Amino acid sequence: MNLHEYQGKEILAGFGVRVQRGIVANNAQEAVDAAKQMTAETGTSWYVIKAQIHAGGRGKGGGVKLAKNLKEVETIAEQIIGMNLITPQTPPHGKKVHKVLIAEDVYYPGESETSEFYMSVLLNRAKGRNMIMYSTEGGMDIEAVAEKTPHLIFTEEIDPTVGLLPFQARRVAFNLGLDGNAFKEMIKFVTSLYKAYVNADASLFEINPVLKTSDDKILAVDAKVVLDDNALYRHRDYVDMRDLLEENPIEVEAKAVGLNYVDLDGNVGCMVNGAGLAMATMDLIKQAGGEPANFLDVGGTADAKRVEAAFRLILKDPNVKAILVNIFGGIVRCDRVAQGIVDAYKNMGDAIKIPIIVRLQGTNADIAKELIDNSGLAVHSAIQFQEAADKVQAVLA
Ligand code: GDP
Ligand code: MN
C-alpha cells in the first residue's frame, strides 16, 4: 500500500524521526489556517505548498511551491488543489490533486550551508536482508545518480538478528561528510528511521531529500512510504490511510470481491485460474498479436458468481476487444466452470458485446466444450492452448 507524503511523515514522527512539519489541507481556506498554525508552532513565516499525490517528481511538475506570505499560500493552494499534476512518475495524463501539505520552510539561511542527501530503507531480496541506501546526491533522481555516479551511492546491510548497529549509523554519518552536531543528528535520524521501517512493516521508506539545515538539524523533507499489505492486519491505524482516489478503480472493486486483478494497457481481457497460468496466458495473447488488458486470477473456485464478477470487472475497461478465459480443471471440474460461464453470460444479458474465447482443459474438458458449444451463446471454445491463441488472433483480425 502506498502512502501520501503527509501520512509517511506522520509515521516517521511517531518513531522519533525529525521531519519537516506540515498540516494537510483540502482547500485554500484550510491552507491559510494551516499556515497560521504552522507559524504558531514553528515560528516560520515562509511555507512550502506541496501537492499530495502518489507519485514523486512533484517539484519538477509544479506541485511544490514556496509561499512567502498568507496571500501567496491562498493563491498557490487554489492553483494546486484540483490541478492535473504531470510528473515523470505519474501516468502520461497526470494525477488530480485533492490535498496539499502546508509545510514549514526549512531552507532558511543560517550559519552553515544546507545540504540535501538521499536515504532509503528497503529489502534486498537477493541477500534476504534489509538495507539502507544513501547518497550525498540528494534531491535528485536517484536512478540518474546510480547511472552517472554510482560511487556516490552507499549501502549498509543490516543483519536481522542484531538490527542496525551503532557503528553502522556512525558510518552513514561519516560517509555523508558530516561533523559536529549534524553528525550526531544523522546518527539519531538513521537509527529512528530504521526503527520506523521495521516496526511499521514497511517495504520501502525513501527520504529524498534528507536535509541538513543551516543550523545543523537533520530532517526528512519528503517521504515515500510503501507498506507491506500482508502485514496490514497488524496495523489497524494504517489501514485507514489507504486513499482509494489514488488507486485504480477496477482494482479497488476487484479487491472488494476478493479477486486478484491487475489493470494493464492492452486489448484482450483474460480470466485465468492460477497466477502461473495467468502469466503464460498473457504471453500467449502477445504471441497471438494482442496485448493483455489485465492480469486476473480467479482462483480455485471458478463458480458462476465468481465468473460473473470477473466478467463484469474486465468489461469495465473500455479498451477490451475480446476476452480469453483459460481454466485448468485440476481440482475444479471443467464442466462446472463451463456451466458457470454459461450462467454468467445469460445473467448478464446484453452486457457482453465482444467475443469470448474459452479454453478449458483438464477434468471433464470434453463435456465442458460440448456444454459451451451447445449453449447457443457467442462463445468460442477450445481445448488446446494453441487453438485458443488462433481464435484470439482470428477475432482481433
Ligand atoms: P518531489 O519533487 O515530489 O520529490 O517533492 P519533494 O518533497 O522532494 O520537494 C521537491 C523540492 O522542493 C525539494 O527537493 C526542495 O528543493 C524543495 N523544497 C522542499 N521543501 C522546501 C522548503 O521548505 N523550502 C524550500 N525553499 N524548498 C523546499
Ligand atoms: Mn522528493
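**Ligand 1 and the sheet beside it**

A backbone N or O atom of Val106 lies 2.9 Å from an oxygen atom of ligand 1. This contact belongs to a predicted model, and two further backbone contacts accompany it. A polar backbone atom of Gly59 is 2.8 Å from an oxygen atom of ligand 1, and for a backbone N or O atom of Gly57 the corresponding distance to a ligand oxygen is 3.2 Å. On its own, ligand 1 has 570 Å² of accessible area, of which the protein covers 79%.

The surroundings of the ligand can be described next. In total, 17 residues surround ligand 1, and the closest are Val48, Lys50, Arg58, Gly59 and Asp105. By character, the shell divides into six nonpolar, five polar and six charged residues. Both domain 1 (1-19 + 109-245) and domain 2 (21-105) contribute, each with at least three residues of the shell. Among the secondary-structure elements, strands β2 (47-51) and β10 (202-212) each supply at least two shell residues.

Strand β2 leads from the ligand to a sheet. Four strands make up this open sheet, in the order β1-β6-β2-β3, with antiparallel pairing. Its edges are formed by β1 (22-25) and β3 (64-67), each of which pairs on one side only. On average, and with direction ignored, neighbouring strands of the sheet are turned by 25° against each other.

Within the sheet, β2 runs antiparallel to β6 (residues 100-104), and five bridges join the two strands. One of the residues involved is Ile49, whose bridge partner in β6 is Ile102. Strand β2 thus takes part both in the shell around ligand 1 and in the four-stranded sheet.

Terms used
Residues are numbered from 1 along each chain as its sequence is written. Chains are lettered from A and ligands numbered from 1 in the order in which they are written. This is a predicted model: local features need pLDDT of at least 70, side-chain atom pairs count only at pLDDT 80 or more; totals for chains, interfaces and linings use all residues. Side-chain values use heavy atoms; hydrogens and water are left out. A residue is near a molecule or strand if one of its heavy atoms lies within 4 Å of it. A polar contact is a pair of N or O atoms within 3.5 Å; within protein, one must be able to donate a hydrogen and the other to accept it, and residues adjacent in sequence count only if both atoms are side-chain atoms. Accessible areas come from the Shrake-Rupley method with a 1.4 Å probe; for residues, only the protein chains shown count as cover. Ala, Val, Leu, Ile, Met, Phe, Trp, Tyr, Cys and Pro count as nonpolar, Asp, Glu, Lys and Arg as charged, and the others, Gly among them, as polar. Domain bounds come from an automatic or database domain assignment. Two strands pair if DSSP finds at least two bridges between them. Axes are lines fitted to C-alpha atoms, for helices over the stretch in contact, and angles run from 0 to 180 degrees between N-to-C directions.
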